[in-house]
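Got a minute to go over how the labels on this model were earned? Let's put it up and talk it through.

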Amino acid sequence: MIGKRDPAQVAIDDARALLQALMIHGWREIHVRTGDTKIFIAQENGAANPMRNGSASTLVGVSSPAAANEQVIVVTAPHVATLESVVAVGTRLAVGESIATLRVLDDLHPLAATVAGTVVRVDAAQGQLLDYKAAILAIAPDA
Amino acid sequence: MAIKRLFIANRGEIALRIVRAAQALNIETVVAISDADRDSAAARLADRAVVLGPASASKSYLDPKLVVHAAQASGCDGLHPGYGFLSERAVLPRLCKEHGIAFVGPEADVIDALGDKLRARAMASAAGVPLVPGSECIASAGDARREGDRIGYPVLLKASAGGGGRGMVIAHNGDDAEAGFHRASAEAVAAFGDGTLFMERFVPQARHVEVQLMGDGKGKVIHFGERDCSVQRRYQKLIEEAPCAAMPDHLRAQLHQSAVDLAASVNYRNAGTAEFLYDVQRQEFYFIEVNARIQVEHPVSEMISGFDLVQEQIRIAGGADLSLSQDQVVLSGHAIECRINAEDSTRDFLPSPGRISRWKPPGGEGIRLDSHMSEGAMIPPFYDSMVGKLIVHAPTRGEAIARLAAAIDDFVVQGVPTTLPLHRAIIDHPDFVANRIHTRWLEQVFLPELAARQQ
């Protein structure tokens, strides 16, 4: 059963989805009104914000994926795949080094580190079927 | 051999439909979802949901390797492709077969053969199924006149080497045909470098009629009657009915037989639909193509037969024989389905995704709703805009129309515009009530009238 969700979180999810759609379809602007929630998103060449002009604007903040003071980078699955192998906690990595191998049917997809650092946490087990965006491991980047 | 765990490689209302059918058969369900469908009705109802990729269909539902990997790695021994997406791409059943998963649908080779229009027409011809009267190669004005006389006017002259409506001319008699040949051929040479034309009978007011088929893959095929899908806009169906009340019984019987003969000639396995063009004036039907999958409008055939086609699909994929013989299929009454889209029909059918703030569907005898929507649900902007199908069944067509009108009037949807008011207006129209419609009726008659009224 789905419980009632926080309306602010719902609005944030909606805004994210609309932004993605705008980018995929190449729209210039989207203006959506659902109940009490209004969302306006525009490209730089789109129309002016119709919700401006002195009306009390309800600012809907879009949270960033990782807060500014987070110390780790979480590596997630780029698509559904089985985790064939993953490096151990404590492994030191240079940029471009292999951190895991994913398998889709008979194809192997190596995952490479995009930062230099140390593996501080492994979130998935070998042989596990990973959802898209499932956490694989966390890297503490070098200072 | 019977399927124990079914993977559903689709989304929206059909994914939910398939999950329900599998659950009725006591089969476990795993549904594929994209990042945008994590909260979907099918995902919540299924035993498990696997997230394939981001919202973009090409990176999720349309990637056959991701789909089959998810099915295999989650322990599924069957896969249902739904409609659209990969349902008629032979690569999917091929990959399924390679990885030990039973595909709920026809064999890959049959999908390939039927997907090739020319091959499908050759197969139909070989099975004695009537095709649109036509002529392959018109190379001179004399050819045009001769073939036009033979086929019967009006005829359409088309460029063999091209498409897109270029080099297409309608001719109403022999003089037209000769003059038309020169015009069309010159246009074809200019556009495609090849002036050869072919000719087809032109049916100005055709109806789209199709037959629901089910085969066991061993030569036995049964039908569940025909459907009339003539209310269309830009070749998309809006309203479907079963049976086709505009076709006389003897012709309907011939139609069913033609469809069954064609499917049997290829040992067709699982569900499929043979589509035909029906020339009401000439009282003739012509084969168009076979859709080798379950279709959006399958519920109207289920309502008049009382039979669950999707459950039968799953059973056949698990190796079972057909559950019924032809004489056990009893069709009665009349069913009508409306495809409800989140579109604003007053603004050129602009897709209008958003969140549904109120959702109160109608209920009662002879009313069925196939929908994944609920209050608070979001219609994501990445896929088609269908939010559900409203289907009614009643003893006669007139009663079905009345029941549908009442059902639409009872249906409360707020938060996004839908095509429900449009459907309400369509079924009210005297042409629809008198069943005088054809495939161009909505665009040529109804919508212009509606636009004029709105001004």
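Q: What share of the contacts in chain A with a separation of 6 or more comes from residues 24 or more positions apart?
A: That share is 49%. Keep in mind that we're looking at a predicted model.

Q: What makes up the secondary structure of chain A?
A: One helix and ten strands. Going along the sequence, the pattern is α-β-β-β-β-β-β-β-β-β-β.

Q: How much of chain A counts as buried, and how much area does chain A expose?
A: Of its 143 residues, 29% count as buried. Chain A exposes about 9000 Å², and carbon and sulfur atoms supply 53% of that.

Q: Over to chain B. Why is Asp35(B) called buried or exposed?
A: The cut-off for buried is under 20% relative accessible area. Asp35(B) has 19%, so it is buried.

Q: Where is Asp35(B), and what is it in contact with?
A: Look in the loop between strand E2 (28-33) and helix H2 (41-45) of chain B. Leaving aside neighbours within four places in sequence, Asp35(B) is in contact with Tyr132(A) and Lys133(A), along with Val51(B), Gly53(B), Pro54(B) and Ala55(B).

Q: What makes the pairing of Asp35(B) with Arg38(B) a polar contact?
A: Such a contact needs a pair of N or O atoms within 3.5 Å. The side chains of Asp35(B) and Arg38(B) make theirs at 2.6 Å.

Q: Why can we speak of one face for the buried residues of H7(B)?
A: In helix H7 (residues 141-151) of chain B, the buried residues are Ala141(B), Asp143(B), Ala144(B), Glu147(B), Gly148(B) and Ile151(B). Looking down the axis of H7(B), they fall within an arc of 150°, so they line one face of the helix.

Q: What covers the buried residues of H7(B)?
A: The cover includes E6, E7, helix H8 (174-192) and E9 of chain B.

Q: How do you know which strands pair with E9(B)?
A: Pairing takes at least two bridges. Strand E6 (residues 134-138) of chain B has three bridges to E9(B), running antiparallel. Strand E7 (residues 155-159) of chain B has five bridges to E9(B), also antiparallel. Both therefore meet the requirement of at least two bridges. If you want to check by eye, Ile138(B) has Leu197(B) as its bridge partner in E9(B), and Lys158(B) stands opposite Phe198(B).

Q: What makes strand E9 of chain B mostly covered?
A: It spans residues 197-201, and four of its five residues are buried.

Q: Why are the buried residues of H4(B) said to be on the same side?
A: In helix H4 (residues 91-98) of chain B, the buried residues are Leu92(B), Pro93(B), Leu95(B) and Cys96(B). Their arc around the axis is only 160°, which puts them on the same side of H4(B). The face turned away from that buried side carries the exposed residues Lys97(B) and Glu98(B).

Q: What covers the buried residues of H4(B)?
A: Among the elements covering them are helix H3 (64-73), strand E4 (78-80), strand E5 (102-103) and helix H5 (108-115) of chain B.

Q: Which residue takes a positive phi just after H4(B), and which just after H7(B)?
A: After H4(B), Gly100(B) takes a positive phi of about 70°. After H7(B), Gly152(B) does so at about 105°.

Q: Why pick out a positive phi in Asn270(B), and is this residue buried or exposed?
A: Most residues other than glycine have a negative phi. Asn270(B) has a positive one, near 80°. It lies in strand E13 (residues 269-279) of chain B, and at 0% relative accessibility it counts as buried.

Q: How should Gln283(B) be classed, and what is its phi?
A: Partly exposed covers everything between under 20% and over 50%. At 33% relative accessibility, Gln283(B) therefore counts as partly exposed. Its phi is positive, about 55°, although Gln283(B) is not a glycine. You'll find Gln283(B) in the loop between E13 and strand E14 (284-291) of chain B.

Q: How do you know where the peptide bonds are cis?
A: Check omega: from Tyr153(B) to Pro154(B) it is near 0°, and between Ala242(B) and Pro243(B) it is about -5°. Pro154(B) lies in the loop between H7 and E7 of chain B, while Pro243(B) sits in the loop between strand E12 (236-242) and helix H9 (249-265) of chain B.

Terms used
Residues are numbered from 1 along each chain as its sequence is written. Chains are lettered from A and ligands numbered from 1 in the order in which they are written. Side-chain values use heavy atoms; hydrogens and water are left out. Buried means under 20% relative accessible area, exposed over 50%, partly exposed in between (1.4 Å probe, protein chains only). Helices (H or I, at least four residues) and strands (E, at least two) are DSSP runs, numbered from the N terminus. The arc is that of the directions from the helix axis to the C-beta atoms. Contact means heavy atoms within 4.5 Å. Accessible areas come from the Shrake-Rupley method with a 1.4 Å probe; for residues, only the protein chains shown count as cover. A polar contact is a pair of N or O atoms within 3.5 Å; within protein, one must be able to donate a hydrogen and the other to accept it, and residues adjacent in sequence count only if both atoms are side-chain atoms.
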